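Thanks for asking me to look this one over. My notes follow as numbered points, so you can go through them with the model open beside you.

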Amino acid sequence: MGMIISGIASIFGKPTKLIRKTLLVSEDGLNRLPVYTLTFEIPRNVTYFGIAKPLEHIRIEYGEVVKMVIPGYKPKSYSVSALRVNNDNDNHPNEYEFDVTVKIYPNGRASGYLDRMKVGDTIRAFGMANRKTRSCGTFFGGVAFGVGITEILPMARYELENGATNTKVVVLWASRTKADTFWHEDIHELKTVYRDRFEMVHLYSRETERKNLEEKGVLQGRIDATLLKEVFETRLSNAGMERDDAKFLVIGTRSMMNMTNQMFTRIGFPMHKHGLLI
């Protein structure tokens with residue numbers, strides 16, 4: 001069945017070349033899994049059919065994804081962590097590429113295949129549109145479980161760059177330890193540029209280094225309703241905003257997302273009303 005699905009999907013996908021592979025998190029046995037950013041060149045002058053859309057037209061801010069057609073398996077959805085389409089930009093001439101940031105799992109069919117790709121190899125890929133709409137609001141709260149930050153942080157950046165001038169963005173990133181985190185320069189940039197409008201809260205479940213736990217904006221434990229209320233409701237109130245101003249997005253495994261969405265409902269932020277993407 002996997003080969004049939006992969007074969008059908010390959011009709012929609014176009015050969016897409018891997019041009020860079022950047023290690024973000026080093027492996028440490030089973031305690032820490034490696035994370036890479038894979039940069040692919042967007043194919044030019046090609047036509048997509050059916051459900052597929054051009055890769056350069058993927059709308060990151062709407063949660064649209066790229067489908068990677070894994071040979072002998074199935075098309076796998078990945079968030080696009082960056083999209084750079086600059087035909088006539090003096091600073092980035094002829095830049096036509098996108099990033100996918102992935103964690104490599106032991107015996108993972110999809111992540112393992114991507115991990116084995118060498119620079120210059122190609123994989124069939126296509127963009128996948130959705131019909132979601134974005135909710136209005138001046139307070140955005142993002143919750144990222146692990147590598148889910150690769151979707152949450154671009155959303156946070158979009159809100160800051162395109163939202164109202166008083167938009168407040170708070171991101172809660174749940175990780176095992178500080179060593180499991182990455183994109184430190186990007187986060188520092190957002191903190192520097194947007195100062196009191198952007199806040200990153202780290203939540204570590206297995207961190208043992210005291211110096212890491214004592215850093216500003218660091219909490220220890222796991223996500224529950226009480227913690228969500230502490231992180232988001234407190235900052236919403238301190239920003240002088242109303243509950244109706246708040247919108248949220250949770251990215252992680254399906255079970256983590258469902259669990260956290262239920263927690264938001266329990267503290268008075270049901271996702272059918274307060275979800276960023278509806």
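**Notes on the predicted model**

1. Let me begin with a charged cluster: R20, R84, E95, E97 and D99 are joined in a network of salt bridges. Please keep in mind while reading that this is a predicted model. Across the whole structure, the count of salt bridges comes to 20.

2. One pair to look at is E41 with K17, a salt bridge in which the closest N and O atoms are 4.0 Å apart. E41 sits in strand β2 (residues 35-41) and K17 in strand β1 (residues 14-25), so this pair ties together parts that are 24 residues apart in sequence. E41 is partly exposed, at a relative accessible area of 36%. K17 is partly exposed too, with a value of 35%.

3. Next, try K247 and E159, whose side chains meet in a salt bridge at 3.1 Å, N to O. The two come from distant parts of the chain, with K247 in strand β13 (residues 246-251) and E159 in helix α3, 88 residues apart. Are these two charged residues buried or exposed? K247 is buried, with a relative accessible area of 4%, and E159 is buried as well, also at 4%. Both count as buried because the cut-off is under 20% relative accessible area.

4. A third pair is K273 and D244, where the side chains form a salt bridge of 3.4 Å, N to O. This pair also links distant parts of the chain: K273 belongs to helix α8 (residues 271-274), while D244 is in the loop between α6 (225-238) and β13, 29 residues away. K273 counts as exposed, at 53% relative accessibility, and D244 counts as exposed at 56%.

5. Now to a helix and its neighbours. In α2 (residues 109-116), the residues A110, S111, G112 and L114 are buried. What do the buried residues of α2 pack against? Their partners are β1, β2, β5 (75-79), β7 (95-103) and β8 (122-128). As a reminder, an α-helix has 3.6 residues a turn, so residues three or four places apart point the same way.

6. The second largest pocket is worth a look on your screen; it holds about 540 Å³ of space. Its lining has 19 residues, and those closest to the pocket centre are S81, A82, L83, P154 and R157. Elements that give two or more residues to this lining are β1, β6 (82-86), β7 and α3. Which of the elements gives the most to the lining? That is α3, with 5 residues. Sorted by class, the lining of this pocket has 9 nonpolar, 4 polar and 6 charged residues.

7. On internal space, the count comes to 1 cavity of 30 Å³ or more. The largest cavity encloses about 40 Å³. Its lining is made of I60, G63, E64, S79, V80, T150 and E151. By class, these divide into 2 nonpolar, 3 polar and 2 charged residues.

8. Helix α3, already mentioned for E159 and for the second largest pocket, spans residues 149-162 and includes N162. N162 is partly exposed, with a relative accessible area of 48%. If you would like a distance to check, N162 and T192 are 30 residues apart in sequence and 17 Å apart in space, C-alpha to C-alpha.

9. Finally, I251 is in strand β13, the strand that also holds K247. I251 is buried, with a relative accessible area of 12%. Which residues does I251 touch, leaving aside those up to four places away in sequence? The contacts are V143, A144, F145, G148, E151, I152 and M257. One of these, E151, is also among the residues that line the largest cavity. For a longer reach along the chain, I251 and N31 are 220 residues apart in sequence and 22 Å apart in space, C-alpha to C-alpha.

Note on methods
Residues are numbered from 1 along each chain as its sequence is written. This is a predicted model: local features need pLDDT of at least 70, side-chain atom pairs count only at pLDDT 80 or more; totals for chains, interfaces and linings use all residues. Side-chain values use heavy atoms; hydrogens and water are left out. Helices (H or I, at least four residues) and strands (E, at least two) are DSSP runs, numbered from the N terminus. Buried means under 20% relative accessible area, exposed over 50%, partly exposed in between (1.4 Å probe, protein chains only). On a 1 Å grid over the protein atoms alone, a cavity is a set of points where a 1.4 Å probe fits but cannot get out, and a pocket is an open set with protein on both sides within 12 Å along at least five of seven lines; lining residues have an atom within 4 Å of a point. Grid points are joined across faces, edges and corners, and a volume is the space filled by probe spheres set on the points. Ala, Val, Leu, Ile, Met, Phe, Trp, Tyr, Cys and Pro count as nonpolar, Asp, Glu, Lys and Arg as charged, and the others, Gly among them, as polar. Contact means heavy atoms within 4.5 Å.
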